[in-house]
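Hi,

Here is the structure I said I'd pass on to you. Have a look at it first, and then read on for what I found.

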Amino acid sequence: MSIDAPTHDSPTPAGAVVAALDGSHRDPAVIDWAAAEASATAAPLHLVHAVDLGTPLSAYGELLTSPDIVNKVEEESVRVVTDARARVLEAEPDLAVTTALPTGAPAGALLNAVEGARVLVVGSARKSRAERIVLGTTSLSVVAHAPCPVILVPDDAARSGDGRVVVGIDGSAHSRLAFRHALEAAALRGRRVTTVTSWNVEVENGVVVTEPGSPEWETVDKRYRDMAERTIAADRDAHPEIDVTVEVHHGRAADRLVEVAQGADLLLVGSRGRGGFRGMLLGSVSQRVLGRATCPVGVLHER
């Protein structure tokens, strides 16, 4: 198949799926997930690789900006998006694909590139399967400030899971937003959503609840289940075609989310919720979810 040579300064198409590339081993997972999402939603795909010519390149932190080095950086950047586009079109020849090589700091370039986008797909950098993802300033800035949902795709994530979309519910407006997105995502996948609500330390009738099956335990469990049911009721009723399972677990929010999401297609969390999800973007819950989840994780927040 012949692939034409595009220019690499295209603006982001409205409603596009934007894939953030960094030229590393993480790119194939990002490209494949973003292409599949664009194809399923009939959206254009926009491949973006930020070119930061101000990055210190020497061992001594000097700015190496000679013409030869600049040319090499630019050539490598063109190769990254050209190879990515070829990979997409080999699998999805009818997909509308554009590319861009914005200059500047990666976080700022990506945030500019996702104005009007449907979703931003980025890679997650694992140390190993057993260790947490190392989130640098670029990832944190993008997750915190992107005007659209951000999907973080581990490089070892399966191309497709068991069809479930898992979503954290804590009763907040942000978790309701995440549930709505979960319903939309499930419509494109296995039409199954699993909601996860967790509680950890609770006091009932003056007693710290620790014994599973006790009246106090059952009371607390029912209270959280009722809260979850109320949170999702209106949106679930509007989508009877989606099979929704409500789960309530005891333990830390991040731990239970990661456990339930094993093998899922997607795990969604709403940011800045109450209780276990407070400070989702920058706190320990976020770090544990993003660092341990083996499936793609989507972070959503209202603007």
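I'll start with one residue, Val81, which is found in helix α2 (residues 67–91). Bear in mind throughout that this is a predicted model. Val81 has 0% relative accessibility, so it counts as buried, the cut-off for that being under 20%. What does Val81 touch, once residues up to four places away in sequence are set aside? The list is His8, Leu21, Leu47, His49, Thr99, Ala100 and Leu101. Take His49 from that list: it sits 32 residues from Val81 along the chain, yet their C-alpha atoms are separated by 6.8 Å.

Leu21, another of the residues touched by Val81, turns up again in the largest nonpolar core. That core has 46 residues, and Leu21, Leu45 and Val193 are the ones that touch the most other members. For Val193, I get contacts with Val165, Val167, Phe179, Ala182, Leu183, Ala186, Ile242, Asp243, Val244 and Thr245, leaving aside neighbours within four places in sequence. There is also a second, separate core of 32 residues, with Val18, Val143, Ala261 and Val269 among them.

Phe179 and Leu183 from the Val193 list lead on to a helix pair. Helix α5 (residues 173–187) and helix α6 (residues 215–237) have axes that come within 10 Å and cross at roughly 30 degrees. The crossing of α5 past α6 is right-handed. On the α5 side, the contact is made by Ser175, Arg176, Phe179, Arg180 and Leu183, and on the α6 side by Thr231, Ile232, Asp235 and Arg236. Sorted by class, that gives 3 nonpolar, 2 polar and 4 charged residues.

Then there's helix α7 (residues 253–260). Why call it largely enclosed by the rest of the structure? Because 7 of its 8 residues are buried. The buried ones in α7 are Ala253, Ala254, Asp255, Arg256, Leu257, Val258 and Val260.

Last, a word on confidence before you set anything up. The mean pLDDT of the chain is 84, with 82% of its residues at 70 or more. Over residues 273–283 the pLDDT is below 50, although the model gives this stretch 31 contacts beyond near neighbours in sequence. Residues 126–135 also stay under 50, and there the model has 24 contacts beyond four places in sequence.

Shout if you'd like to go through any of this together.

Cheers

Terms used. Residues numbered from 1 in each chain as written. Predicted model: local features only at pLDDT ≥ 70, side-chain atom pairs only at ≥ 80, totals over all residues. Heavy atoms only, no water. pLDDT = per-residue confidence, 0-100. Contact = heavy atoms within 4.5 Å. Axes fitted to C-alpha atoms, helices over the stretch in contact; angles between N-to-C directions. Helix = DSSP H or I, 4+ residues; strand = E, 2+ residues; numbered from the N terminus. Left-handed = near helix turned anticlockwise from the far one by under 90°. Nonpolar A, V, L, I, M, F, W, Y, C, P; charged D, E, K, R; others polar. Core = buried A, V, L, I, M, F, W, Y, C linked by side-chain atoms within 4.5 Å. Buried < 20%, exposed > 50% of the residue type's maximum accessible area, 1.4 Å probe, protein only.
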